[in-house]
Amino acid sequence: VAWQEGKVVIFDDTYMHKVQHRGDLARYVLVAWFCHPCDTGWREEQGKEWQEQNPLPPWCGEGGPGYSQPPVPGYSDPY
């Protein structure tokens, strides 16, 4: 994915990826966290009744482990 001036880029960062900024000016990123339906950690926090009403989608398989902290050290550090 390559960003173009005046355009917006949205992507699913639950997949391993890296980003390079080759510009001379500041780069600003708006990070928005969305619940991934296969995140079993998040689902467990919703309680048993919610889980029964919202079963794990079949395409999730066994789901992922989920996390309560960002998976990459420093990811949520303020700058």
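In which segment does P58 lie? In this predicted model, P58 lies in the segment that follows helix α2, and its relative accessibility of 75% places it among the exposed residues. Although P58 and C38 are 20 residues apart in sequence, their C-alpha atoms are 9.5 Å apart in space.

A second proline, P55, is likewise placed in the segment after α2, the helix that spans residues 48–53. With a relative accessibility of 57%, P55 is counted as exposed, because the threshold for that class is a value over 50%. Between the C-alpha atoms of P55 and R43, which stand twelve residues apart along the chain, the separation is 9.5 Å, and P55 also appears among the residues with which R43 is in contact.

R43 itself belongs to helix α1, which comprises residues 40–45. The relative accessible area of R43 is 9%, so this arginine is classed as buried, the limit for that class being under 20%. When neighbours within four places in sequence are set aside, the contacts of R43 are made with P37, W50, Q51, N54, P55 and L56. Of these partners, W50 and Q51 fall within the residue range of α2, whereas P55 is located in the segment after that helix.

The segment before α1 contains, among other residues, F11 and V31. F11 has a relative accessibility of 45% and is therefore counted as partly exposed; V31, at 43% relative accessibility, is also assigned to the partly exposed class. For V31 and I10, which are 21 residues apart along the chain, the C-alpha atoms are separated by 9.8 Å. F11 further takes part in a nonpolar surface patch, in which it is joined by V1, W3, V9 and V19. Taken together, the residues of this patch present about 570 Å² of accessible area.

At the level of the whole protein chain, the secondary structure amounts to two helices and zero strands. The chain has 79 residues, of which 9% count as buried, and R43 is one of the residues in the buried class. The accessible surface of the protein chain comes to about 7,700 Å², with 55% of that area supplied by carbon and sulfur atoms. With regard to the contacts within the chain, when those between residues at least 6 apart in sequence are considered, 37% are found to join residues that are at least 24 apart.

Technical notes: Residues are numbered from 1 along each chain as its sequence is written. This is a predicted model: local features need pLDDT of at least 70, side-chain atom pairs count only at pLDDT 80 or more; totals for chains, interfaces and linings use all residues. Side-chain values use heavy atoms; hydrogens and water are left out. Helices (H or I, at least four residues) and strands (E, at least two) are DSSP runs, numbered from the N terminus. Buried means under 20% relative accessible area, exposed over 50%, partly exposed in between (1.4 Å probe, protein chains only). Contact means heavy atoms within 4.5 Å. Patches are made of residues with over 30% relative accessible area and no salt bridge: like charges are joined within 9 Å, nonpolar side chains (Val, Leu, Ile, Met, Phe, Trp, Tyr) within 5 Å. Accessible areas come from the Shrake-Rupley method with a 1.4 Å probe; for residues, only the protein chains shown count as cover. A salt bridge is a side-chain nitrogen of Lys or Arg within 4 Å of a carboxyl oxygen of Asp or Glu.
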